[in-house]
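Good morning, everyone, and thank you for making the time. I would like to walk through one structure with you, slowly, and please stop me whenever a term is unclear.

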Amino acid sequence: MSRAIRPLLIFVALLWLAAVQAQTKITTPKEQFGFNIGDDYVLVNYTQYADYLKKLDRESDRLTVQEIGKSSEDRTMYLAIVTSPENQKKLARYKEISERLAHAEGLTDDQARTLADEGKAVVWINGGIHATEVLGSHQLIENIYQLVSRTDAETLRFLNDVIILNCLVNPDGMELVSNWYMKERDPLRRTLNGIPRLYNKYAGHDDNRDFYMSALAETDAINRVLFRDWFPQIVYDHHQTGPAGAVMFSPPFRDPFNYFLDPMAITLLDEVGAAMHSRFVVEGKPGVTSRSGANYSTWWNGGLRTSPYFHNQIGLLTETIGSPTPIDIPFVPDKALPKTDTPFPIDPQQKWRFRQSIEYSITANRAVLDYASRNKDRILFDIYRMGRNSIERGSRDTWTVTPRRLRTAKTRDELRTPAARDARGYVIPADQPDFLTATKFANALIKNGVTVLRATTVRFIRPDRML
Ligand SMILES: [Zn+2]
């Protein structure tokens, strides 16, 4: 080695060491809160979470924290955007690609494929909409921490291929519930029961029934990210609790599926669900059930996870057991026998601790991120394809087949009457008596990302002449 090169090498080695040290100086939850996320008898409140998030934002170049609005009680809502440092520099471009593919307007298939190749998968993960379901908020803290601190090859691949939008969606509820639980000095007396008021100021549990209306400050902020700003291809909403005798319900959902969705929204949902179940089996985590394992479906249309279906996004729901106060898993014969919907049943004779539920949630998140990473180009192209399908359907007559229509129609032609056609658009007359309410309606649509245009002229054509 020449004398000139040796100091240079030492300098490079020092730089490398500095880079490694910068990455390892991520504050752990235990250093921040005094306990690990998922330890028995402890919860973090929203103020503590927000302080930690701001610290991680300063420490990690994989994280960008943005304010997306205020809660009903005026707490700031944050979007924690996690991706590789290289991707962080081009967030505006990736957001633009995500929007263009989701809208699908003015693109050829070739252009869409080129954009899908350049773009990154966008995955939204949230927690805490139902604040007493404390696993949702706490898995999100652990998820953000692991994604900004882990250095294994799989995590680095996720960060390269995927932009992860983490959001704690009910700040007021988390503050209320965590403070209520932690107010008892004696851990054994701590409880999530008896909270004296609603954990969303106006809607309580129905804060997850407002996504078609955007009437709440929280919903307004979330819908803007989902349907007007980032257009994630996958939206994952964590809930509790799991079905008795199991640990978690995870997609696929039961039949009948929602006839009004693009069929690809269902087939992709089933793919992601299958990837989740496989990962649980591979990691030796039993007790995850699907379809007939619970009553969840793709029908309720106003929720955080279901409204996205109408935007051709893959909406995921999990319902998971677990509490900071350890619980027992009951023996339920129906959940004890292996079957397609419960491939790997759990032995119920065990004390179940909160940390186990956190680890199941991380497994589920990583299954979704692995799917998004390995199928990045496909899911970007497929959301374009579903959008194009929708534009094509709006350019001709279509009919949605439902059980009720099938009961009354005796022939195919009876199903396909002009009056039974799907709407291609809706007209909101400006000369109606209560135009103020009509305006509120139009604004709710706009907040949901629906295009509302003002007509300059109106020409009515008799429906039978349109065929
Ligand atoms: Zn819930």
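Before anything else, a word on names: the helices and strands I will mention are DSSP runs, a helix having at least four residues and a strand at least two, and they are numbered from the N terminus. Please also keep in mind that what you see is a predicted model.

With that naming in hand, we can start in the loop between E6 and H11, which is where Pro-256 is placed. The peptide bond that joins Asp-255 and Pro-256 is cis, with omega at about -10 degrees. Pro-252 also has its place in the loop between strand E6, residues 248-249, and H11, and the bond leading from Pro-251 to Pro-252 is again cis, with omega near 10 degrees. As background, most peptide bonds are trans, and most residues other than glycine have a negative phi.

That second point brings me to Asp-74, which is not a glycine and yet has a positive phi of about 75 degrees. Asp-74 is found in the loop between strand E1, residues 63-70, and strand E2, residues 76-82. Is Asp-74 buried or exposed? There are 10 C-beta neighbours inside 10 Å of Asp-74, and because 12 or fewer is the limit for that class, Asp-74 counts as exposed. Ala-104, in the loop between H5 and H6, is not a glycine either, and its phi is positive at about 60 degrees. Ala-104, however, has 19 C-beta neighbours inside 10 Å and therefore counts as partly exposed.

Let us stay with the two helices on either side of that loop. Two packed helices are described by the angle between their axes and the distance between the axes. For H5 and H6, the axes come within 10 Å and cross at roughly 145 degrees, and the crossing is left-handed. On the H5 side, Ile-97, Arg-100 and Leu-101 take part, and they meet Ala-112, Leu-115, Ala-116 and Glu-118 in H6. Sorted by class, the residues of this contact are 5 nonpolar, no polar and 2 charged.

Now compare that with helix H7, residues 134-149, and helix H13, residues 354-374, whose axes lie 9 Å apart and which pack at an angle of about 60 degrees. Because of that angle, H7 is oblique to H13. H7 passes H13 in a right-handed crossing. The residues of H7 in this contact include Leu-135, His-138 and Glu-142, while those of H13 include Ser-357, Ile-358 and Asn-365. Here the classes come to 3 nonpolar, 7 polar and 1 charged residues.

H7 deserves one further remark: 14 of its 16 residues are buried, so H7 is largely enclosed by the rest of the structure. From its first C-alpha to its last, H7 reaches 23 Å, close to the 22 Å expected at 1.5 Å a residue.

Finally, let me turn to helix H14, residues 376-393, which has 18 residues and reaches 26 Å from its first C-alpha to its last, close to the 26 Å expected. Which residues of H14 are buried? Among them are Ile-379, Leu-380, Phe-381 and Met-386, and also Lys-376 and Asp-382. The buried residues of H14 pack against several elements, including helices H5, H6, H8, H11 and H13, and also strand E3.

Technical notes. Residues numbered from 1 in each chain as written. Predicted model: local features only at pLDDT ≥ 70, side-chain atom pairs only at ≥ 80, totals over all residues. Axes fitted to C-alpha atoms, helices over the stretch in contact; angles between N-to-C directions. Parallel < 35°, antiparallel > 145°, perpendicular 65-115°, else oblique. Left-handed = near helix turned anticlockwise from the far one by under 90°. Contact = placed C-beta atoms within 7 Å. Nonpolar A, V, L, I, M, F, W, Y, C, P; charged D, E, K, R; others polar. Expected span 1.5 Å × (residues − 1). Buried ≥ 20, exposed ≤ 12 C-beta atoms within 10 Å, placed from the backbone.
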